[in-house]
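I opened this model to look at a few local features in turn. My notes follow in the order I took them.

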Amino acid sequence: MPAGRRITSRNAQFQQWQALLANRKKRQRAGEFLVQGVRPISLAVEHGWPVHTLIHDDRRGLSRWAGELLDTVPAERIAMAPELLADLGEKNEAAPELVAVVGMPADDLQRIPVEDDFLGVLFDRPTSPGNIGSIIRSADAFGAHGLIVSGHAADVYDPKSVRASTGSLFALPAVRVPSPREVADWLQAQRAQGKPVLMVGTDEHGEKNVFDFDLTQPVLLLIGNETSGLSGAWRELCDHTVSIPIAGAASSLNAANAATTVLYEASRQRIAAKAQVSGV
């Protein structure tokens, strides 16, 4: 393993990395965020994300996984005192084996591929980074092509979002946009190219039950803010709205649960449609 620097005190470099955990503006300015865990770091490497730095415990032996990463990934190596590494890993006790400093991709809607079977998700002004990560995980699991996070919202690269995605952040494009205009222009361009993507909003008073709506079409699913739902601007842009039938005392579903439900139904319909075409 190539030699790297050692950090044993809370120096300026350590403080800069620590700030990436809690300060969105500093993450954005640096163009970096922290990643912990075997699966997330492995997926970041597998999907070609730029790993700038790999930080490891300077007092413990490395696993084969960590040793191979440090040998093969072209990144700066840092050996760090375990109590400092535990802070970067946000753990009260044992330090993680590795923490990676990873570069952010551009917030460009062209990162999201629009195929004939396009399935995307837009999350309007989310307040919970954990919900963002959970929706990324569900979107990845059920075959979506990307996630858009709109407006003044929780950050895709917040540690809570990164952890909740369990690595799917690195497999599924997630793009932040400031307003509906950017998405409307993007979809208009897609439609001009013969890709008729429908904007379908989720709403408890939707015009159709989600189970009765054809989700085999190219669709961008819109999920509203956890408290206030979809904004008026997004509602006006929707081609259709769908509701999720629920029972019991609950009046609505958590945003991540609602997104997962609709994504599952879209996946179910698409699998059934393919089976019917193939005669299975």
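**Entry 1: R27 and its surroundings**

I started with R27, which I found in helix α2, residues 24–30. The model is a predicted one, and I read it as such. Is R27 buried or exposed? Its relative accessibility is 2%, so I put R27 down as buried; the cut-off for that is under 20%.

Next I listed what R27 touches, leaving aside neighbours within four places in sequence. The contacts of R27 are L20, L21, A22, E32, F33, M104, D155, Y157, D158 and P159. Two of these names, F33 and Y157, took me to the aromatic rings.

**Entry 2: Aromatic pairs**

How many aromatic pairs does a search of the whole structure find? I got six. I looked first at F33 and Y157, whose ring centres are 4.7 Å apart. Their planes stand at 45°, so I logged this pair as tilted. The range for that label runs between the stacked limit of 30 degrees and the edge-to-face limit of 60.

Where do the two residues sit? F33 belongs to strand β2, residues 32–36. Y157 is in the loop between β7 (146–150) and α7 (159–164). The two parts are 124 residues apart in sequence, so the pair ties together distant stretches of sequence. I checked burial as well: F33 and Y157 are both buried.

F33 has another partner, F170. Here the centres are 6.1 Å apart and the planes 10° apart, and I logged the pair as stacked. F170 lies in the loop between α7 and β8 (174–177). That puts F33 and F170 137 residues apart, so I noted another link between distant parts of the chain.

I then took the accessibilities. F33 comes out at 0% and counts as buried. F170 has a relative accessible area of 3% and is buried too. I closed the entry with the grouping: F33, W49, Y157 and F170 make up one aromatic cluster.

**Entry 3: The cavity**

I ran a cavity search next. How many cavities of 30 Å³ or more are there? The count is one. The largest cavity holds about 40 Å³ of space.

Its lining is made of L34, V35, Q36, P40, P159, V162 and R163. I asked which elements give two or more residues to this lining, and the elements are β2 and α7. P159 had already come up in my list of R27 contacts.

**Entry 4: Helix α6**

I moved on to α6, residues 129–141, a helix of 13 residues. From its first C-alpha to its last, α6 reaches 19 Å. The expected span is 18 Å at 1.5 Å a residue, and I noted the two as close.

Which residues of α6 are buried? I have P129, N131, I132, G133, I135, I136, S138 and A139. Their cover includes β6 (119–124), β7, α7, β8 and α10 (255–278). Just after the helix, G143 takes a positive phi of about 85°.

**Entry 5: The loop between β6 and α6**

S128 is in the loop between β6 and α6. With a relative accessible area of 24%, S128 is partly exposed. Leaving aside neighbours within four places in sequence, I found S128 in contact with A154 and E226. I also took a C-alpha distance: S128 and S161 are 8.2 Å apart in space and 33 residues apart in sequence.

R125 belongs to the loop between β6 and α6 as well. R125 is not a glycine, yet its phi is positive, about 50°. At 25% relative accessibility, I entered R125 as partly exposed.

**Entry 6: T166**

I found another positive phi at T166, about 50°, and T166 is not a glycine. T166 sits in the loop between α7 and β8, where I had placed F170. Its relative accessibility is 25%, and T166 counts as partly exposed.

**Entry 7: Strand pairing at β12**

Last, I looked at the partners of β12, residues 240–243. Strand β9, residues 198–202, pairs with β12 in the parallel sense over three bridges. Within this pairing I looked up T202, and its bridge partner in β12 is V242.

Strand β10, residues 208–209, also runs parallel to β12, and two bridges join them. K208 stands opposite V242. I therefore have V242 down twice, once for T202 and once for K208.

Terms used:
Residues numbered from 1 in each chain as written. Predicted model: local features only at pLDDT ≥ 70, side-chain atom pairs only at ≥ 80, totals over all residues. Heavy atoms only, no water. Phe/Tyr/Trp six-rings, centres within 6.5 Å; stacked < 30°, edge-to-face > 60°. Helix = DSSP H or I, 4+ residues; strand = E, 2+ residues; numbered from the N terminus. Buried < 20%, exposed > 50% of the residue type's maximum accessible area, 1.4 Å probe, protein only. Pairing = 2+ DSSP bridges. Contact = heavy atoms within 4.5 Å. Expected span 1.5 Å × (residues − 1). 1 Å grid on protein atoms, 1.4 Å probe; cavity = no way out; pocket = protein on both sides within 12 Å on 5 of 7 lines; lining within 4 Å. Points joined across faces, edges and corners; volume = space filled by probe spheres on them.
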